[in-house]
Amino acid sequence: MPLSNEYCRERRNIAKQVNSASPMSVPRFVGRRDSTYKLVAFTDSSKLIYGATVYIMNEHNEVNFLLSKNRMIGKNLDGKSIPQLEL
């Protein structure tokens, strides 16, 4: 079934807006070797997908993004509970 002209125009408009947006940067400063840091991690899960994000915090409580990851739940994890998946 072909897409409607209105839907195609809407998609082209969205693509133009995304392509004309200013570049986004995410600082990934890891820090100095002589400082003290804490890793702060957040996880979330459902029965279909799980993910985690890790930040690094220095002694002055400045927080920087370190990494983020997500995965689809495969057959090997299918029987796990949501709290088990979040661990």
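The legends below describe close-up views of a predicted model.

**View 1. The hairpin of strands β1 and β2.**
Strand β1 covers residues 37–45 and strand β2 covers residues 49–58. The two strands run antiparallel to each other and are paired over 9 bridges. A hairpin of 3 residues connects β1 to β2. Within this pairing, T43 is found opposite A52 of β2.

**View 2. The aromatic cluster of F42, Y55 and F65.**
The count of aromatic pairs is 2. In one of them, F42 and Y55 are arranged edge-to-face, with 6.1 Å from centre to centre and 75° between the planes. This pair joins distant parts of the chain, since F42 belongs to strand β1 and Y55 to strand β2, 13 residues apart. Y55 also pairs edge-to-face with F65, at 6.0 Å centre to centre and with 75° between the planes. Y55 is in strand β2 and F65 is in strand β3, so this second pair ties together parts that are 10 residues apart in sequence. Through these ring pairs F42, Y55 and F65 are linked into a cluster.

**View 3. The surroundings of Y55 in strand β2.**
Leaving aside residues up to four places away in sequence, Y55 touches K38, L39, V40 and F42, and also V63, N64, F65 and L66. Is Y55 buried, partly exposed or exposed? Y55 has a relative accessible area of 27%, and because buried means under 20% and exposed means over 50%, Y55 counts as partly exposed. Its ring partner F65 is likewise partly exposed, with a relative accessible area of 23%. R33 and Y55 are separated by 22 residues in sequence, and their C-alpha atoms are 17 Å apart in space.

**View 4. The polar contact between T53 and S68.**
T53 is a residue of strand β2. Its side chain makes a polar contact with the side chain of S68, at 3.3 Å. Residues up to four places away in sequence not being counted, T53 touches V40, A41 and F42 as well as F65, L67 and S68. Two of these residues, F42 and F65, also belong to the ring cluster with Y55.

**View 5. S45 in strand β1.**
Which residues does S45 touch, not counting residues up to four places away in sequence? They are Y50, I82, L85 and E86. The relative accessibility of S45 is 11%, and because the limit for a buried residue is under 20%, S45 counts as buried.

**View 6. N61 in the loop between β2 and β3.**
The loop that holds N61 leads to strand β3, residues 63–72. The phi angle of N61 is near 60°, which is a positive value in a residue other than glycine. With a relative accessibility of 56%, N61 counts as exposed, because that value is over 50%.

**View 7. Helix α1, residues 5–20.**
The helix is made up of 16 residues. From the first C-alpha to the last, α1 reaches 22 Å, close to the 22 Å expected at 1.5 Å a residue. How many of the 16 residues of α1 are buried? The count is 0, and α1 is hardly covered.

Key:
Residues numbered from 1 in each chain as written. Predicted model: local features only at pLDDT ≥ 70, side-chain atom pairs only at ≥ 80, totals over all residues. Heavy atoms only, no water. Pairing = 2+ DSSP bridges. Helix = DSSP H or I, 4+ residues; strand = E, 2+ residues; numbered from the N terminus. Buried < 20%, exposed > 50% of the residue type's maximum accessible area, 1.4 Å probe, protein only. Expected span 1.5 Å × (residues − 1). Polar contact = N/O pair within 3.5 Å; in protein donor to acceptor, adjacent residues only side chain to side chain. Contact = heavy atoms within 4.5 Å. Phe/Tyr/Trp six-rings, centres within 6.5 Å; stacked < 30°, edge-to-face > 60°.
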